Amino acid sequence: MRQNHWKLTGIGAIAIFVAGWLQPASAENGAAVEQPGVALANQQANDTGVDTIIVTGTRETGRKLQDAPTPIEVISAQTLEATGATNLFDALKDVVPSFSATSFGQDTGALVRSVRLRGLNPGQVLVLINGKRRHASANINADSDPDQGSNPVDLDLIPLSAIDHVEVLQDGAAAQYGSDAIAGVVNIILKSADHGTTVVTTGGVTGRGDGATGEVGADTGAALDNGGFIHLSADTRLHDFTNRTGYDPRSNYTVQGRTFGDPNYDLETLGFNAEQPFSPTVTAYGFGTFAHRSAEAYENWRTPSKIPAIWPNGFFPKETSNEYDVAFTLGVKGSDAHGWNWDLSHTYGHDALDLGVIDSANPDLYLSTGNAQTKFSAGRLISTEQTTDLDFHRAFDGVLPAPLNVAFGLEHRYEAYEVDAGEPASYQLGGSQGYAGFTPTDAHTADRNAFSAYVDLSTRLVPPWQLDLAGRFEKYDDFGSTGTGKLASRYDFAKWLGVRGSVGNSFRAPTLAQEYFSASNVTPTSAFIQLPVNSAGAALLGAPALKPEKSNNYNIGFVTEPIDKLHASVDAYQIDITDRIIDSGTVFGTQAAAAIAANGATIPSGVPANSVSALFFTNGADTRTRGIDAAIDYTTDFGEIGAIKWAFAGTTNQTEITKRHPAPGLLAAEGVSLFSPATVANLTTVAPRNKFSLAGTYLNGDLDVTVRVTRYGHSSLVYDQYGDGTSWVTSYVAPAFITDLDIGYQLTKILKVSIGGINVFDVYPTKTDPSIRRFGINTNIYPWNSPYGYNGGYYYVRLKATF
């Protein structure tokens with residue numbers, strides 16, 4: 001597998017080198033050629049970003065970043081590239097302090113990574129592409145870990161070569177964009193140049209020699225008639241396993257586990273962005289992405305006694321996924337004679353995930369029937385969204401010192417979710433080892449419609465006082481309607497000092513996956529089911545229908561430019577969320593058996609009552625998150641010897657549980673609590689309490705060097721060591737400094753080479769205490785909630801050609 005990574009990187013490198021050296025060194029018509037890298041250095045050193053025109057958090061045309069009444073970060077493609085990351089997920093995690101992520105997910109959670117903003121759940125972040133809603137992944141994280149219950153947008157499926165920049169709004173925005181925008185909004189703006197071609201190839205490996213990664217990406221633009229454009233992009237990336245697992249005591253410490261590490265995956269992505277004017281007042285547009293990913297993730301070692309006839313030395317099952325994802329938006333926009341601008345669009349998103357298990361077996365099925373298969377189809381998850389938007393906006397001149405910007409619009413969204421059963425051998429008599437397939441009783445198809453309308457106003461009451469007001473009404477046909485509003489304001493006391501603040505309420509509708517996902521595992525000795533909350537089995541336990549999570553968001557801060565080239569902002573916030581969706585806690589015994597039977601599954605006779613269990617998702621907690629975000633940038637100009645662009649960013653926050661809802665229905669009678677120590681930690685301590693980053697980019701002619709030092713604060717995770725509901729242990733991640741380095745040199749006019757490393761000093765989190773390692777199997781030697789991972793250093797070489 002690793003050979004394929006280096007073959008991919010090598011092919012890309014050869015192509016770039018040939019193209020680079022064949023490119024003429026002099027300009028046409030005898031024009032003087034500027035020294036390579038000088039223009040780039042001057043541009044980056046002097047570009048503070050404050051004059052960038054933003055489109056997130058406002059419907060006003062031409063608003064600059066420096067004038068925003070709410071905190072927004074703009075991350076350029078150059079900044080993303082300088083992180084050394086080969087995907088958008090890791091790049092944003094490195095440069096946006098309020099982003100955090102856990103290192104490890106269980107079962108299908110290992111195949112899709114989820115990002116947190118301001119320490120909240122991944123599902124509470126809204127992702128847009130060119131201002132249009134992106135569909136969610138079909139994969140739901142159903143296991144008891146920090147991202148439980150989320151099936152957010154998968155950022156890995158968006159080609160990095162297609163991205164011009166990213167705008168991150170760090171404030172609640174459901175009144176502007178609808179469901180999910182509790183923690184904030186990530187708006188990915190695609191490249192729109194009508195000329196030029198860029199090819200990038202990257203190869204890297206960890207300090208321990210695993211996790212080999214090879215990537216080739218390319219994008220190109222072309223002009224269309226009447227000022228139109230089309231921009232195309234394509235990436236392909238291969239990533240090998242990493243392994244940071246301990247040795248298993250059941251093998252007398254001769255077999256090393258493989259569970260704790262990166263999965264192996266192959267990923268191909270395509271993207272396009274185009275506009276074609278039909279007349280001076282009407283333009284058609286479209287953009288979209290396509291992705292295919294195949295992945296494998298190791299599960300725990302099975303001892304030789306499990307099924308010696310097939311695996312005499314024991315075996316490591318591998319969970320597999322084969323995923324196809326497509327998204328596109330088609331629209332037409334324009335203006336009329338009365339000054340109104342309008343935009344009509346339709347967005348389609350579809351994610352299909354085929355799950356399987358290889359290098360496995362079904363021991364009980366083998367003993368009963370002699371079936372010795374080792375590869376299983378475990379089922380399929382499918383998520384589809386279709387969104388139609390009609391938007392209008394216009395600026396009205398009047399008595400106010402600035403135009404009154406009026407925007408309003410309508411939206412219809414159709415969502416569908418499907419769970420398909422696996423092959424019988426994957427679930428019968430306990431199912432395939434590593435991951436049991438979905439049963440026919442788990443299979444389900446559900447859909448719903450949502451309608452919304454919004455109004456958005458902005459103006460200046462007096463020249464220094466900016467005021468934004470937004471309201472939205474949204475109706476879902478499965479849980480009813482909700483209204484949200486937001487007021488944002490900014491007052492500039494001087495040219496160099498402004499105070500800003502906002503107040504509003506947001507909401508997040510429960511996803512169809514949270515409502516309808518089901519997973520059953522029935523063996524001759526045990527039975528477990530994740531019940532859909534609206535199923536007969538959940539109703540028997542008294543499960544109430546899921547309600548939307550709702551929040552009140554408050555933000556206050558200031559922006560300042562006390563001296564030339566120094567820009568700073570500080571924002572304090574509070575997010576109060578009610579009815580957060582968590583798991584119900586596990587019920588055992590006769591009540592669980594009755595729920596499983598009501599859901600259509602049969603429990604073998606003789607299964608002990610304490611080995612029968614069930615749970616479901618429920619609205620179980622109210623929380624309060626408080627924090628402060630700060631950012632400072634400054635450019636130091638050294639004249640002929642170059643310039644340094646400095647950037648500091650920091651965040652600190654804390655979440656507390658303000659209300660613990662009682663267990664619903666029969667769970668209360670059984671003494672079940674919604675709040676295990678693990679649930680409390682997942683809500684309050686799993687994300688680092690603070691994160692600070694200082695980056696300096698030195699630019700001088702053909703040379704650019706970026707050094708970033710990030711300090712991660714402490715965090716902790718609680719888990720049930722032996723899976724018996726009583727053996728709770730805490731795993732701590734101590735504060736750590738992580739250093740990233742990227743050195744680039746412009747070899748020719750079009751060819752640039754970069755070398756660098758992520759975590760160049762190969763820092764690892766403190767090892768866990770052996771006495772608390774999970775299941776007593778001595779496997780999780782590092783805490784899996786480490787915000788900077790547990791792979792250690794990653795080192796790479798990158799070649800880039802720009803034509």
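**Briefing: a sheet, a helix and two strand residues**

Strand β1 pairs with strand β6, which covers residues 163-169, in the antiparallel sense, and the pairing runs over 5 bridges. The structure shown here is a predicted model, and the points below start from this pair of strands before turning to a helix and to two single residues.

**The sheet around β1 and β6**

- The two strands belong to an open sheet of 5 strands, whose order is β1-β6-β7-β4-β5 and whose pairing is mixed.
- β1 (72-76) and β5 (132-133) stand at the edges of this sheet with a single partner strand each, so one side of each is left without a neighbour in the sheet.
- Within the pairing of β1 and β6, V74 is the residue that stands opposite E167 in β6.

**Helix α9**

- Helix α9 spans residues 590-598, and A592, A595 and I596 are buried in this helix.
- When α9 is seen down its axis, the buried residues fall within an arc of 100°, so they line one face of the helix.
- An α-helix has 3.6 residues a turn, so residues three or four places apart point the same way.
- The elements against which the buried residues of α9 pack are two strands that lie before the helix in the numbering, β24 (527-530) and β27 (587-588), together with α8 (536-540) and β28 (612-615).
- After α9 comes G600, a residue whose phi is positive, near 105°.

**S551 in strand β25**

- S551 is part of strand β25, which is made up of residues 549-560, and with a relative accessible area of 3% this residue is buried, since the cut-off for that word is under 20%.
- The side chains of S551 and N553 are joined by a polar contact of 2.7 Å.
- If residues up to four places away in sequence are not counted, S551 touches I182, G504, N505, S506, I575, D576 and I577.

**V797 in strand β37**

- V797 is found in strand β37, which takes in residues 794-802, and its relative accessible area of 42% makes this residue partly exposed.
- Although V797 and T202 are 595 residues apart along the chain, their C-alpha atoms are separated by 5.8 Å.
- T202 is also one of the residues in contact with V797 when neighbours within four places in sequence are left aside, and the others are T201, G203, V753, S754 and I755.

Key
Residues are numbered from 1 along each chain as its sequence is written. This is a predicted model: local features need pLDDT of at least 70, side-chain atom pairs count only at pLDDT 80 or more; totals for chains, interfaces and linings use all residues. Side-chain values use heavy atoms; hydrogens and water are left out. Buried means under 20% relative accessible area, exposed over 50%, partly exposed in between (1.4 Å probe, protein chains only). Helices (H or I, at least four residues) and strands (E, at least two) are DSSP runs, numbered from the N terminus. The arc is that of the directions from the helix axis to the C-beta atoms. Contact means heavy atoms within 4.5 Å. Two strands pair if DSSP finds at least two bridges between them. A polar contact is a pair of N or O atoms within 3.5 Å; within protein, one must be able to donate a hydrogen and the other to accept it, and residues adjacent in sequence count only if both atoms are side-chain atoms.
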